[in-house]
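Work through these short exercises with the model open. Try each task before you read its solution.

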Amino acid sequence: MNYMTWLSEWLKNYVKPSAKLRTYDRYCQTVYTHISPKLGRFELDELSIGVLQRFVSALSEGGNKRTGKGLSANSVNGIISILQSSLKSAYNSGITKGYIADKINRPKIIEKQVVCFNLKEQKKIERAVLSGEKPKMYGIILCLYTGLRIGELLALEWKDVDVKNSVIYVYKTCHDRSQNGMTVKIVGPPKTLSSQRVIPLPKQMLPILKLL
């Protein structure tokens, strides 16, 4: 079977029924942007470890479609995971005689140091937002003092904010999705159950929220 044919079947019958919509979209984008242009013409049994490793090396050297530079180790590893998952499914389904994608050498990830705002910088951001008199900017302070992710902030509704008990209920997230040539916002559950939580509201936000 042609690998592109299998990828289309795998996305439709294996990924879409079990993955979150955002994950399915990301898999489709990765397959059609990176995998199918280089590997889609191969038959499944032609995908030797040599073919796969050369593909991975090319991603690290010049896989960025926009700049022509290499993709980051994180991005390459994400593509490898999709490769491995699709080929593992082909093997488990009896379509291929063996599974060798686990022998791919992954690029080493170099952890970057996390740089955080210090207290002085936080106060400067807070003053800039509050003096700007733009209510939509208050979300910056919420993220700063609660650890909310951008998607979680965009998914917040008034019913999720309990001013009386000074807490925010976080149980959904928001992301963009291309649909019929338009970008639409999709609100759904977070990636993991642990992301659902109750967060105390910072005291400096209470008087602001009561005025909105």
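The exercises below cover two pockets and one pair of strands in this predicted model.

**Exercise 1.** Describe the largest pocket: its space, its lining and the elements that supply the lining.

*Solution.*
Step 1. The space in the largest pocket is about 400 Å³.
Step 2. Its lining holds 15 residues; those nearest the centre are Lys20, Arg22, Thr173, Pro190 and Lys191.
Step 3. Helix H2 (21-39), strand E3 (173-179) and strand E4 (182-188) are the elements that each give two or more residues to this lining.
Step 4. H2 has the largest share, with four residues.
Step 5. Sort the lining of the largest pocket by class: six residues are charged, five polar and four nonpolar.

**Exercise 2.** Do likewise for the second largest pocket.

*Solution.*
Step 1. About 300 Å³ of space lies in the second largest pocket.
Step 2. It is lined by 13 residues, with Gly139, Leu142, Leu153, Leu156 and Leu209 closest to its centre.
Step 3. Helix H6 (residues 138-146) gives the largest share of this lining, three residues.
Step 4. By class, the lining of the second largest pocket has ten nonpolar residues, two charged and one polar.

**Exercise 3.** In what sense do E3 and E4 pair, and how many residues lie between them in the hairpin?

*Solution.*
Step 1. The pairing of E3 and E4 is antiparallel, over seven bridges.
Step 2. Find Gln179: opposite it stands Met182 in E4.
Step 3. Two residues lie between E3 and E4 in their hairpin.
Step 4. Check the turn: Asn180 has a positive phi of about 55° there.

How values were computed:
Residues are numbered from 1 along each chain as its sequence is written. This is a predicted model: local features need pLDDT of at least 70, side-chain atom pairs count only at pLDDT 80 or more; totals for chains, interfaces and linings use all residues. Side-chain values use heavy atoms; hydrogens and water are left out. On a 1 Å grid over the protein atoms alone, a cavity is a set of points where a 1.4 Å probe fits but cannot get out, and a pocket is an open set with protein on both sides within 12 Å along at least five of seven lines; lining residues have an atom within 4 Å of a point. Grid points are joined across faces, edges and corners, and a volume is the space filled by probe spheres set on the points. Ala, Val, Leu, Ile, Met, Phe, Trp, Tyr, Cys and Pro count as nonpolar, Asp, Glu, Lys and Arg as charged, and the others, Gly among them, as polar. Two strands pair if DSSP finds at least two bridges between them.
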